[in-house]
Every structure is written in C-alpha cells, then in structure tokens.
Amino acid sequence: EKGFVKLGNFRAAEDKRRYAYLLTPKGVAEKAAITQRFLARKMAEFEALKAEIEALKSDLNQNS
C-alpha cells in the first residue's frame, strides 16, 4: 500500500523464477525521478567530455 513495489501471488506460479513485480504509483514516480537524475548526470558527463575533447583538439592544432 505504501511502498514502491507490489508483488503478485507467486504461490500459484509453477516456475518460481517468474515473479510479477508491479510498480505502485509511488514506485513509478520514484523510478521516473531516478531516471531523471541519471540522465542529468550522464548529460553533464557528456558535456564535460565534449569540452575536454575540444580542448585537446585545440592544443593539437596550436602545437602543429
């Protein structure tokens, strides 16, 4: 009721590896927030790498 994940009835499942994990509305919101933070972090890393590559290219051009 209050958590992020809701489990299905796995006693009925013959194959115990097949559990159903359903995100609750709170879980969906948390997953979206986690994804947003991950994307922001990766975009910042990408921008930093892009700037570093441009600086290295500039250094190479100046030393050539």
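Helices here are DSSP runs of H or I with at least four residues, numbered from the N terminus, and P25 sits in the one called α1. Keep in mind that this is a predicted model. The protein has one helix and two strands, and the order along the sequence is β-β-α.

**Overall picture**
- There isn't much of an interior to talk about: of the 64 residues in the protein, buried ones make up 3%.
- The accessible surface runs to about 6200 Å², and carbon and sulfur atoms account for 60% of that.

**Around the β2–α1 junction**
- Going from β2 (21-23) to α1 (25-63), you pass through a loop, and that's where T24 is found.
- T24 has a relative accessible area of 14%, so it counts as buried, the cut-off being under 20%.
- Leaving aside residues up to four places away in sequence, T24 touches G3, F4, V5 and K6.
- L23 belongs to strand β2, and its 46% relative accessibility makes it partly exposed.
- P25, over in helix α1, is exposed at 73% relative accessibility, whereas T24 is buried.
- P25 also pairs up in space with a residue from elsewhere in the chain: F4 is 21 residues away in sequence, yet the C-alpha to C-alpha distance is 7.5 Å.
- F4 thus turns up twice here, once as a contact of T24 and once as the partner in that P25 distance.

**Nonpolar surface patch**
- Which residues form the nonpolar patch on the surface? They are F4, V5, Y21, L23 and V28.
- Together these residues put about 490 Å² of accessible area on show.
- Two members of the patch, F4 and V5, are also among the residues that T24 touches.
- L23 qualifies on accessibility because its 46% is over the 30% that patch membership asks for.

**Salt bridges**
- Some background first: side chains of opposite charge can pair when their charged atoms come close.
- How many salt bridges does the structure hold? The count is four, and the bullets below go through some of them.
- R37 and E30 meet through their side chains, with 3.8 Å from N to O. That passes as a salt bridge because the cut-off is within 4 Å.
- Both ends of this pair are partly exposed, R37 at 49% relative accessibility and E30 at 30%.
- E45 bridges to K42, and their closest N and O atoms are 3.2 Å apart.
- Where do E45 and K42 lie? Both are in helix α1, three residues apart, which is about one turn of the helix.
- E45 is partly exposed at 38% relative accessibility, and K42 is partly exposed as well, with a relative accessible area of 35%.
- E47 forms a salt bridge with K50, where the closest N and O atoms are 3.6 Å apart.
- Why are E47 and K50 separated by about one helical turn? Because they are three residues apart in helix α1.
- Again the ends are partly exposed, with E47 at 39% relative accessibility and K50 at a relative accessible area of 37%.

Methods. Residues numbered from 1 in each chain as written. Predicted model: local features only at pLDDT ≥ 70, side-chain atom pairs only at ≥ 80, totals over all residues. Heavy atoms only, no water. Buried < 20%, exposed > 50% of the residue type's maximum accessible area, 1.4 Å probe, protein only. Areas by Shrake-Rupley, 256 points an atom, 1.4 Å probe, with all protein chains shown as cover. Contact = heavy atoms within 4.5 Å. Patch = residues over 30% accessible without salt bridge, like charges linked within 9 Å, V, L, I, M, F, W, Y side chains within 5 Å.
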